[in-house]
Structures are given as C-alpha cells and as structure tokens.
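Hi everyone, thanks for making time today. I'd like to walk you through a structure that is new to most of us, so let's bring it up on the screen.

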Amino acid sequence: MSYAIEGRTGPWEIVVGLEVHAQAITKSKLFSGAPTAFGAEPNSQVSFVDAAFPGMLPVLNQEAVAQAVRTGLGLNAQINLVSRFDRKNYFYADLPSGYQISQYEHPIVGAGQIEIQLADGTTRQIGVTRLHLEQDAGKSLHDQHPTKSYIDLNRAGVPLMEIVSEPDIRSPEEAGAYVRKLRSILRYLGTCDGNMEEGSLRADVNVSVRKHGEPYRTRCEIKNVNSVRFVMLAIEAEAKRQIEVWEGGGTVEQETRLFDPNRGETRSMRSKEDAHDYRYFPDPDLLPVVLDEAWVAELKAALPELPDAKQARFIGDFGLSPYDAAVLVAERATADYYEAAAAGRDPKQAANWVTGDLFALLNRTGRTIEDSPVSAAALGALLGLIADNTISGKIAKQVFDIMAETGEGPAAIVEARGLRQVTDTSAIDAAVDAVLAANPDKVADYKAGKDKMFGFFVGQVMKAMAGKGNPGLVNAALKARIG
Amino acid sequence: MVFDLTLAEARAGLRRRDFSSRELTSAFNGAIAALNPTLNAFITTTPELALQQADAADVALARGEHGPLTGIPLAIKDLFCTKGIRTTAGSRILDHFVPPYESTVSANLLRDGAVFLGKANLDEFAMGSSNITSAYGPVVSPWTRNGDNRPLVPGGSSGGSAAAVAARLALGATATDTGGSIRQPASFCGIVGIKPTYGRCSRWGIVAFASSLDQAGPVARTVEDCAIMLQSMSGFDAKDSTSADLPVPDFQAACKRGVKGLRIGVPREYRSDDMPPEIETMWQQGLAWLREQGAEIVDVTLPHTKYGLATYYIVAPAEASSNLARYDGVRFSSRTDGADLNELYENTRGAGFGPEVKRRIMIGTYVLSAGYYDAYYLRAQKIRALILKDFTDVFQTVDALVTPTAPSAAFAQGEKMDDPIKMYFNDVFTVPANMSGIPGISVPAGLDAQGLPLGLQVLGRPFDEETVFAVGAAIERAAGFTAVPGMRAGAGA
C-alpha cells in the first residue's frame with residue numbers, strides 16, 4: 001500500500017523534507033529600492049545597497065513582510081509578531097556583502113501545514129516547520145569567458161520566502177503533490193508566481209531511507225532542484241543510491257548533492273567537513289520586525305478563497321467529483337473560468353466541458369486559460385444553447401470548434417449555419433420512415449433479435465437530418481416504429 | 001587672526017561680512033598646506049572645491065540667504081563617503097574608492113552651507129586609539145610635552161579630525177565614535193567632542209566598523225561649536241533603519257541652561273588605583289566646579305562597567321569581521337589577483353588590510369564561530385544589556401554622570417604599541433556609552449604637569465544631549481581652558 005523501494009534486503013521507506021525557496025512578488029528588493037523584474041540586462045537592477053558599497057544600509061521592504069505574512073496565513077501557520085534578521089556569513093563572488101541577510105533563530109512564520117491529495121484519492125497532512133524571509137544572491141556566470149567568471153547582481157537582494165517542511169513526505173508522488181499544492185496556494189495568494197523555469201520557485205530536497213519502524217538515518221540534501229518532475233526523479237535516484245550504499249555495507253555520509261537530470265543521478269557537491277561555518281548573528285543594521293496584530297488580522301480578512309476551500313465548495317455546491325474539483329481548483333484562473341462559465345448552467349456539464357474540450361483546445365493551441373480563444377462567457381452561452389435544446393451536445397462540439405476558430409458567439413454560429421436542432425416530430429417521423437423503407441433487410445435483422453442494429457438506424461436518421469435531429473425525439477420515433 | 005575664531009565667532013563674522021568665506025577658506029587652505037606635511041591630519045585635501053563652495057556661500061551670504069553653517073570650513077573624517085571625493089577609511093583597500101554618493105551627515109552639513117576642506121586621517125576603518133593604524137601614515141598631535149619634542153599621538157580613531165581642529169586647520173570636523181573615537185582624541189587634543197545618542201545621526205554613507213556601536217558626532221573647539229555642528233548633522237533618516245525618528249532639540253540653547261539643581265553622578269567604578277593622580281585631581285576639580293554652579297554631586301554605582309571593555313572587544317570585532325567582508329576585490333576595492341576566487345580574496349585582503357584590522361577580523365570571526373558563539377558573542381550581548389540597565393537605573397536618580405574621558409593624557413608614538421591590549425585600555429571610560437548607546441561629551445578641563453590636555457567626560461540619558469551640553473558648557477566655563485598647542489595655524493604670526 002504505502003510507497004517503498006525494494007532492495008536486496010527487503011523494502012525501504014524513504015523520508016523526505018523540502019525547503020522551497022519562493023520569490024515573493026514585490027516591486028522592489030527585500031532591502032533596497034531596486035526593481036525585481038526577471039530577464040533584465042545583467043547588472044541593470046542593482047542599487048548600491050545590493051552591491052554592498054561602503055556605508056550602504058538595508059531598509060526592510062514592508063511589502064515583502066506582508067507577502068510572507070499572507071503566505072503564512074495561507075498555510076494555516078503561526079505568525080510570529082516578533083521576528084529578527086540575522087547575517088549568514090560566507091564568501092562568494094555573487095554575494096556582495098559577504099553575508100546573506102536571513103532569518104535564522106526567529107522566523108516570521110512558524111508551524112503550519114499543507115494538505116496534499118494523491119492519485120488514489122487519499123489525502124495527507126504535511127507539516128510546515130517555518131517560513132522565513134531572506135535575500136537571494138546574485139548569479140555567477142562561468143561559461144562566458146575561458147578564464148573569467150562574470151557576475152550578474154540583478155537577483156542579489158531579491159526577496160525569498162524559504163518554506164521548510166517537516167520530514168513527513170514518504171514518496172516521490174507525495175513530494176510532487178506537496179510542491180504542486182504549495183505552488184497553487186502561493187499563486188492563489190499572489191505572493192509568488194511559482195515560475196520554476198525563471199527560478200522564482202526552487203527546492204532543496206532532503207532525502208534519507210530507512211527500514212520500516214526505524215529512527216531516521218543520515219540524510220543528504222539535494223540543492224536547487226527546479227521542476228516538480230526533477231524533484232520526484234531526484235528523490236528516487238537519491239533514495240536508490242542510498243539503499244545501494246547501505247546494502248553494500250557502507251554508510252551514507254551527510255552531504256550536499258546536485259541532481260543531474262541528463263544522467264538521472266545525484267552527485268556530491270560538498271561534504272559535511274567542507275560545510276561553511278556561517279557565523280550567524282543578529283544583523284545590527286536592522287531592527288527586530290514587530291508586527292501589529294490588527295494589521296495581521298486585516299491581511300487575513302483580505303485573503304482570497306484558497307484551493308482547499310474552493311474544492312470543498314465545488315464538491316458541496318456543484319456536486320463535482322473530488323477529482324474534477326481538484327483539477328479545476330489547481331489554478332485560480334481555471335477555477336475562476338469554470339465558475340464564470342458554469343454560472344446558471346449545469347455545473348457538472350460545465351466541468352466536463354472545461355476539463356475536456358477546453359483543456360484540449362488550450363493544449364492544441366498552446367494558449368493559457370487567461371488568453372483562451374473561447375471566453376468563459378462564450379462557453380457559458382454555448383452550455384445555455386444545449387440546456388434549452390437549441391442544439392444537441394454533438395452539434396455543440398462543432399459549434400465550439402467554430403467558436404475557437406472564428407471567435408464568433410455560439411448563437412450567431414448556430415443561426416448563420418442553420419445548426420439549430422430539429423424538434424419538429426413530423427420532420428423526424430418522415431426521416432425515420434424514409435430510413436426504414438430504404439433498409440428492409442436491416443429491419444428484418446433487428447426484428448430477428450439483432451438489437452445493436454438500433455444504433456445503425458439512429459445514425460442513419462441523424463445523417464439524413466444533417467445531425468440536427470433532437471437525439472431524444474429520434475430515439476422515441478424509432479422505438480415507436482420498430483419497438 | 002581668523003584662526004583664533006571659534007566656529008560661532010566665524011559664523012557671526014561671515015554674517016556681518018567682516019570677511020568672506022573665500023578669505024576664511026583660503027586662510028585654512030594655506031594653513032593646511034603649511035602644516036599638514038608635519039601633522040598628516042588630512043589624507044586628501046580639496047582646496048579648489050573648498051573655494052568653489054566658499055564662493056557659493058559668499059553669494060548666499062550677500063543675499064542674506066545663509067544657512068546655519070554657510071561658509072564655515074570643516075574637515076570631514078575620511079570614513080564619511082563624499083560624492084566624487086576619494087574616501088579611504090584610512091585603508092589601502094579603499095585607496096581608489098570614489099563614492100558616487102554623499103553620506104547623510106555630510107549631506108546635511110552641505111545643505112546647511114558648510115565648506116569642506118578635505119578628508120581627515122583616521123585609524124584604518126576607525127580601529128585604533130592613537131591613529132597609528134592608518135595606511136596613510138600616523139597623525140601627529142599638534143601638542144608636545146613640555147621640553148620634549150617627541151611626536152605624540154592625537155588619539156584615535158578620529159585623530160585627524162581632532163588634530164586638524166586643535167591645530168586650527170578647520171573650524172570643526174566630523175568624527176565617529178565606536179568605542180571612544182570622538183571623545184578620546186578630543187581629550188588628547190584639548191578640544192570638545194560629542195558622541196550623541198546612537199540613532200541621533202544617520203549612519204548611511206559612513207563606512208561601517210561596528211554597526212551597533214558606530215555613531216557620528218562633531219569635534220570643535222567649544223561646546224557651543226559642537227552644538228551648532230551636531231544640530232546640522234542630526235536627524236531622522238529613513239535610509240538608516242536604526243536612525244531615531246525624533247525631533248532634534250535646540251542644542252545651542254541647551255549650552256546656556258546651567259547646571260543649577262542638576263544631580264550629577266560620580267560612578268565609583270571609574271576610579272582605579274592605576275589612575276594617574278593628576279586625572280583624579282582634575283576629576284575632583286571638575287566636580288567642584290559643578291557644585292559651585294549649583295549642581296548636586298552624588299556617588300553612584302555602575303556595577304557592570306568593569307566588563308565593558310572586554311565585551312566591547314567581542315561585539316565590535318564580531319560586527320567588524322562581517323562588515324568588512326565586502327572588501328573582497330570583486331567590485332570596488334583594490335584587487336590583488338589570484339589563481340582562483342579564494343586566492344583573489346586572500347591576496348586582496350592580505351595586501352589591503354593592515355595588522356590591526358586583520359587582528360580584529362580574526363577575533364571577530366573567532367567569537368562568532370560555531371562552538372564559541374554562546375561563550376563569547378551571546379554572553380557579551382547579555383552583559384551589554386546589563387551595562388545598559390546600570391545606566392537606566394542610575395539615570396533614575398541623577399541627570400548626568402561625570403568621569404575622566406581617558407585614563408591618561410596623550411602618549412608618544414611608539415609608546416604602548418607593543419601590546420594591543422594596553423592600547424585597548426584607552427577606551428575603558430568611553431566604551432560603556434557605546435555599549436549602551438547613551439550620549440557622551442569630552443570637554444578639556446586642564447593640563448597635566450607635562451603640559452598636555454586632559455578631558456572630562458559627561459554622560460547623559462538617551463536622547464538627552466541637551467543636559468550633556470549644559471553640563472559640558474558649565475565645565476568649559478569654569479575651566480577657562482585657553483591653552484593652545486605648539487603646532488597651530490597662525491602660531492608664528
């Protein structure tokens with residue numbers, strides 16, 4: 001039932017904890033007024049504070065604090081009304097001041113939790129240990145010159161929220177679900193865009209393995225994994241490596257490793273002995289962060305509906321399956337689209353259209369739901385035409401394709417192309433009679449017991465009516481004639 | 001003779017148009033050119049820029065549109081970043097650094113019309129008590145002992161600022177005080193220097209030594225001159241998160257308040273058997289003057305003061321070791337190349353920092369290291385809180401404290417240099433004010449038997465510089481200190 005990796009000595013359980021670095025959405029950096037936009041010319045978004053010029057001082061960006069608090073509230077976590085910034089000291093060329101300003105002992109957010117949903121329909125609570133604010137470093141470019149390294153400080157000082165999980169994760173699938181769910185919550189909150197390609201969300205993955213019922217064994221940390229798929233692959237590769245080490249009679253050493261997606265393996269980056277002594281101490285340039293309880297309450301009151309609550313509402317109010325509801329709420333834009341399209345319509349039918357035809361269309365055209373060729377209102381109108389029997393579900397698919405193609409509204413398409421459904425029973429009766437008359441042998445077969453011929457007759461009638469016959473009425477007319 | 005004017009007198013003269021700022025500035029430019037080769041009080045002089053500023057000041061004065069310091073020539077400690085003017089912090093590693101920005105404090109002075117004569121010498125990164133650690137050579141005190149021509153130290157780290165003011169090479173100077181670097185050189189050079197409350201002056205644009213202790217302040221020849229300068233230098237600055245968002249009181253008015261009815265504390269822990277009798281005598285004399293002017297003298301106790309120096313030499317190097325990490329040769333400081341990044345760091349920092357700076361980086365790195373942090377840094381912070389509590393308690397019952405500024409008069413270059421700990425002992429009376437953030441002033445009270453100035457220190461409540469000025473001015477009035485150093489502008493005339 002639960003996930004295990006089969007080794008030579010039997011099944012192994014894996015234990016995973018994640019440290020996710022999420023870039024907080026802010027206009028300016030954590031401690032300076034320089035902008036944070038992605039993709040700018042190298043070193044074009046750097047203030048003297050970011051470059052750690054002599055005498056420059058950090059000033060805390062209040063919006064970054066608000067984003068961290070919103071995120072903490074979204075994770076049902078404890079908000080620490082007093083927190084503090086520390087200096088993490090180490091030398092590197094892309095760390096201008098020689099220290100990173102981070103929160104070590106007193107983070108702004110304490111314990112919280114995230115509920116994840118697995119493919120088998122089960123859910124699990126994964127503990128969040130803490131969330132703290134810290135500044136990002138710059139970027140070293142080693143491939144621009146044969147002997148020199150280049151430094152781009154655009155990222156230096158960008159606000160990050162480091163979200164640390166408990167070692168509660170027990171499978172690659174759970175790890176994937178955790179990152180996706182966290183990303184979804186962050187995007188709902190508007191506190192991080194979750195864009196892993198641009199590096200605004202990345203994960204350090206702590207992995208260990210153990211036999212069932214054992215205490216934790218030594219863990220390794222895989223740094224800077226930048227996609228959900230790689231998180232899952234890295235865990236599996238690292239767990240298998242550790243199992244081989246243990247089963248070979250060796251000992252797993254605590255170390256920092258990197259995941260190589262091309263080879264599908266992790267490799268050592270630095271051992272525990274090479275670990276930095278970061279010499280943390282409170283940053284004397286900054287005062288403790290003291291939050292006003294009323295301000296936190298204000299932020300809380302202004303939080304949007306989050307995916308868990310929305311999913312529960314979709315299930316409860318709309319009768320959707322947990323799976324469909326989960327698919328629809330994963331992205332806020334999808335949920336908003338769905339709710340707009342389903343307003344006043346059959347909610348289950350709307351869900352099928354969104355997760356089926358619409359998603360297929362978006363896939364095919366490479367568009368996102370925000371710039372969908374078919375708007376939520378237009379899809380809603382189409383659903384209305386089905387509901388009032390103007391068109392059949394089958395014709396609706398045709399109309400949908402034309403809407404996607406031309407951008408025209410569904411009613412106009414139906415009118416212009418004469419796709420309105422035929423509900424005139426005399427016309428249907430006439431078509432039925434013609435089909436039966438033209439196929440006496442098939443009628444005989446049917447009467448002799450070949451029940452599946454009924455479908456053939458329906459098809460022939462619909463074909464004769466150019467697909468516009470009301471399917472219910474066609475069925476009823478046939479039944480009346482041939483029983 | 002303009003050199004004998006105080007800042008306040010020069011200001012009045014300028015406003016009366018007795019002389020122009022150009023005349024005044026030219027005189028100081030000339031004096032610097034004549035004496036700086038001996039005193040080495042300035043690392044960089046900016047005579048032409050000073051004249052331009054003086055001309056602008058004269059235009060403003062002619063229109064009657066003067067600010068509080070319009071046309072007043074000042075020296076700026078070379079720890080304050082000055083836009084377009086090389087700022088070295090006394091270190092080889094910043095030999096070529098020309099800041100593209102102006103520190104808040106020096107910008108405030110420029111806003112108020114000041115003229116900048118140049119950048120004053122200092123101990124490297126303000127680490128020192130004698131100005132011998134400057135990479136640009138030691139500053140020589142304008143004072144000498146009676147019958148002894150050996151060069152004396154001016155104190156430190158603001159030794160260039162203090163020597164320049166004492167030798168009449170500027171009407172005042174900016175300085176900074178992390179463990180006594182304003183008050184001790186003021187005492188050694190027979191001038192006045194005030195370290196205001198931590199947070200009173202913005203630290204923005206001042207090269208950092210120890211961020212939780214560094215505080216800017218002025219040195220000048222009178223208490224009133226310091227009040228005038230501090231008035232301009234002070235004020236809230238949103239760019240410094242530790243800057244105090246409080247109104248700046250009228251410091252000049254406070255100088256005239258008198259001490260009648262004030263309770264003055266005498267902390268018994270500042271008395272020691274090693275203290276030279278002359279300093280003890282002068283201290284008693286100072287207390288007698290205050291009593292005569294109507295103050296009540298009370299014995300008080302500051303039980304944790306004895307730990308002040310030891311904890312200071314943990315906290316300050318710890319912060320310095322981190323603050324100085326940015327001088328890595330990658331962006332703006334002088335670089336000495338290496339085969340790889342680590343070698344570049346080692347070569348750059350090995351060549352760029354002097355021995356005292358290296359010593360403090362080593363101490364600071366050590367006390368913050370895993371396994372030592374709790375025993376040193378954390379413990380020092382706890383004692384620091386107790387030192388502050390001592391002051392808070394004592395200020396429940398007294399309005400100010402009076403102590404000697406330093407445990408000795410100025411010493412000769414070469415004396416006390418064999419043992420860094422002996423040198424650190426210079427800061428024993430001044431460090432507690434930095435550890436607690438309270439304001440302190442040093443006022444010249446007399447000369448020792450060798451003819452060298454001795455200062456008295458007045459400490460006050462946080463953000464109560466007014467009382468500190470009032471008591472300092474009372475001592476100044478009673479002392480009638482008129483002694484002048486042998487080496488000074490206009491001395492031969």
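Let's start with one pair of side chains: A:Asp285 and B:Arg203 meet in a salt bridge, with 3.1 Å from N to O. Please keep in mind that this is a predicted model. How many salt bridges does the rule find across the interface of chain B and chain A? Just one. Polar contacts are there too: 16 residue pairs across that interface, with both partners at pLDDT 80 or more.

Which elements of chain B give two or more residues to the side that touches chain A? They are helix H10, residues 308-323, helix H11, residues 341-352, and helix H12, residues 355-368. H10(B) provides the largest share of that side, with five residues.

Now let's step back to the whole contact. Chain B brings 39 residues to it, and chain A brings 29. Between them, the two chains bury about 2,800 Å², and 60% of that lies on carbon and sulfur atoms. On the chain B side, the residues that lose the most area to chain A are B:Ser241, B:Arg326 and B:Arg331, which together make up 21% of what that side buries.

One more stop, this time on the surface. B:Tyr366, B:Tyr372 and B:Tyr376 form a nonpolar patch there, and their accessible area together is about 280 Å². Let's look at the last of these tyrosines. B:Tyr376 sits in helix H13 of chain B, which covers residues 374-394. B:Tyr376 counts as partly exposed because its relative accessibility is 30%, and partly exposed is the class between under 20% and over 50%.

Thanks for listening, everyone!

Notes:
Residues are numbered from 1 along each chain as its sequence is written. Chains are lettered from A and ligands numbered from 1 in the order in which they are written. This is a predicted model: local features need pLDDT of at least 70, side-chain atom pairs count only at pLDDT 80 or more; totals for chains, interfaces and linings use all residues. Side-chain values use heavy atoms; hydrogens and water are left out. Patches are made of residues with over 30% relative accessible area and no salt bridge: like charges are joined within 9 Å, nonpolar side chains (Val, Leu, Ile, Met, Phe, Trp, Tyr) within 5 Å. Accessible areas come from the Shrake-Rupley method with a 1.4 Å probe; for residues, only the protein chains shown count as cover. A salt bridge is a side-chain nitrogen of Lys or Arg within 4 Å of a carboxyl oxygen of Asp or Glu. Helices (H or I, at least four residues) and strands (E, at least two) are DSSP runs, numbered from the N terminus. Buried means under 20% relative accessible area, exposed over 50%, partly exposed in between (1.4 Å probe, protein chains only). Contact means heavy atoms within 4.5 Å. Buried area is the accessible area (1.4 Å probe) that two parts lose on being put together, summed over both. A polar contact is a pair of N or O atoms within 3.5 Å; within protein, one must be able to donate a hydrogen and the other to accept it, and residues adjacent in sequence count only if both atoms are side-chain atoms.
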